[in-house]
Amino acid sequence: MPAIQAALSGFSDRPMRVVARRFGAELAMAEVVLDELVILKGKLRTRLFTIGDDDHPIGGQLMGSRPEQFGEAAHELVEAGYDLIDINFGCPVKKVLGRCRGGFLLTEPVTALAIVRAVMESVGGRRPVTIKMRRGFDDSGESERNVFSILDGAFGLGVAAVTVHGRTVKQRYIGPANWDFLARVKRHAGSNTILGSGDLFTAEAVRRMMDETGVDGVTVARGAIGNPFIFRECRARLNGAPISPPSVAEQRSAIEFQFAETLKLHGIAHAGGIFRKFGISYADLHPMRDEVRKAFIDARTTPAIREVLDSWYDDQREWPMVKPREVLRDMIAAGAEA
């Protein structure tokens, strides 16, 4: 399966991962975590180290700035049962960059490769190690040279794959991802595994990225929030099979499953507020998108989420036909009513 669920801060928790697996995601990444929080004992570490039998294979993505600490955290994740260790050299959040983490490390190839070396030595071949990066810190020639230096060095040290996001760190999430750069990276990498990322909100976009760039697979990030069906659709599209958008009944089933897992993880007092952001994204699939989106925006408690389900996902009600995701995105972008 060439499409995997990416690590998403604040989103790719166990409930999101298991619902994605239900619809065909064969590998799901946990939320990115600071290396120091893996090492320190506490509630987050306990939750991070509790992996269900139905949550494999699972990747753990680490972020930090010190090679020795990265290595120690990678060892801890392997011991906890993670199936893959990923190194984050791509996060564009300002407070992360200010602490010399994430995308900042694209400006320091020597430090970045010292981190890769430390993780590889710590993991010792017990699990595959991968890297997530962007196409550069900015659009300068020096930034591009740094990216290829890290890319070549990482493969030389034995990483299994590198994910490249088609935007620079300075772009954050603004403007289109540069797929031409991904094609250049894949040609340069040869037989080494390159995964593409950026602007993958539909199965058709996944197919086009793979066709146009030659990447070996993709990581689906924001496109999987509130849309676990994208993994089923990717499989169908890449196999040449027709795609049917999820019915309202299928949407309700997925929401109920993910919400039930959220309740187990966070409890009734917090589940509603935590799930709300997923519900807002699920609304994009509903034939009454605007109304359902508003209902989820207003829902801040567990009873309120259940009320949205009862009102807007009623199996007995006649709903308009669900539009394909590609059509929905065009309509949303144009500001039309979906």
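**Local environments and helix packing in the predicted model**

Outside its neighbours within four places in sequence, L62 is in contact with V32, V33, D35, V38, F70, A73, A74, L77, I85, D86, I87 and N88. The structure described here is a predicted model, and L62 belongs to its strand 4. With a relative accessible area of 0%, which is under the 20% limit, L62 is classed as buried. Between L62 and F275, which are 213 residues apart along the chain, the C-alpha separation is 24 Å.

A second buried position is provided by S12, which is placed in the loop that runs between strand 1 (3-5) and helix 1 (14-22). The relative accessibility of S12 is 0%, and this residue therefore counts as buried. Two polar approaches involve the side chain of S12: it reaches the backbone oxygen of M29 at 3.3 Å, and a polar atom of the S12 side chain lies 3.3 Å from the backbone nitrogen of E31. M29 and E31 also appear among the contacts of S12 which, when neighbours within four places in sequence are left aside, consist of Q5, A6, A7, R17, M29, A30 and E31.

Helix 1, which follows the loop holding S12, packs against helix 11 (residues 248-266), the two axes coming within 8 Å and crossing at roughly 145 degrees. The crossing of helix 1 with helix 11 is right-handed. On the side of helix 1 the contact is made by R14, P15, M16, V18, V19 and R22, and on the side of helix 11 by S253, A254, F257, Q258, E261, T262 and L265. Sorted by class, the residues of this contact between helix 1 and helix 11 comprise seven nonpolar, three polar and three charged.

For helix 7 (residues 141-157) and helix 8, the packing angle is about 40 degrees, and the axes are 11 Å apart. Helix 7 is therefore oblique to helix 8, and the crossing of this pair is right-handed. Helix 7 contributes E144, V147, F148, L151, D152 and F155 to the contact, while helix 8 contributes F181, R184, V185, H188 and A189. The contact of helix 7 with helix 8 is made up of seven nonpolar residues, one polar residue and three charged residues.

Helix 12 (residues 268-282) and helix 13 (residues 289-298) have axes that come within 8 Å and cross at roughly 170 degrees. Because angles over 145 degrees count as roughly antiparallel, this description applies to helix 12 and helix 13. The residues in contact are F275, R276, G279 and I280 from helix 12, together with R293, F296 and I297 from helix 13. In the contact of helix 12 with helix 13, four residues are nonpolar, one is polar and two are charged. F275, a member of this contact, is the residue whose C-alpha atom is separated by 24 Å from that of L62.

Several backbone features were also identified in loops of the model. The peptide bond that leads from H56 to P57 is cis, its omega being near -5 degrees, and P57 is situated in the loop between helix 3 (43-48) and strand 4 (58-63). Although R172 is not a glycine, its phi is positive, at about 55 degrees. R172 falls in the loop between strand 7 (161-165) and helix 8 (179-189), where its relative accessible area of 33% makes it partly exposed.

A positive phi, near 65 degrees, is likewise found at D199, a residue other than glycine. D199 occupies the loop that connects strand 8 (193-197) with helix 9 (203-213) and, at 25% relative accessibility, is classed as partly exposed. Within helix 9, the buried residues include A203, E204, A205, V206, M209, M210 and T213, and just after helix 9 comes G214, with a positive phi of about 80 degrees.

K94 is placed in helix 5 (residues 94-98). The relative accessibility of K94 is 67%, so that K94 counts as exposed. K94 and V169 lie 75 residues apart along the chain, and their C-alpha atoms are separated by 9.8 Å.

Notes. Residues numbered from 1 in each chain as written. Predicted model: local features only at pLDDT ≥ 70, side-chain atom pairs only at ≥ 80, totals over all residues. Heavy atoms only, no water. Helix = DSSP H or I, 4+ residues; strand = E, 2+ residues; numbered from the N terminus. Buried < 20%, exposed > 50% of the residue type's maximum accessible area, 1.4 Å probe, protein only. Polar contact = N/O pair within 3.5 Å; in protein donor to acceptor, adjacent residues only side chain to side chain. Contact = heavy atoms within 4.5 Å. Axes fitted to C-alpha atoms, helices over the stretch in contact; angles between N-to-C directions. Parallel < 35°, antiparallel > 145°, perpendicular 65-115°, else oblique. Nonpolar A, V, L, I, M, F, W, Y, C, P; charged D, E, K, R; others polar. Left-handed = near helix turned anticlockwise from the far one by under 90°.
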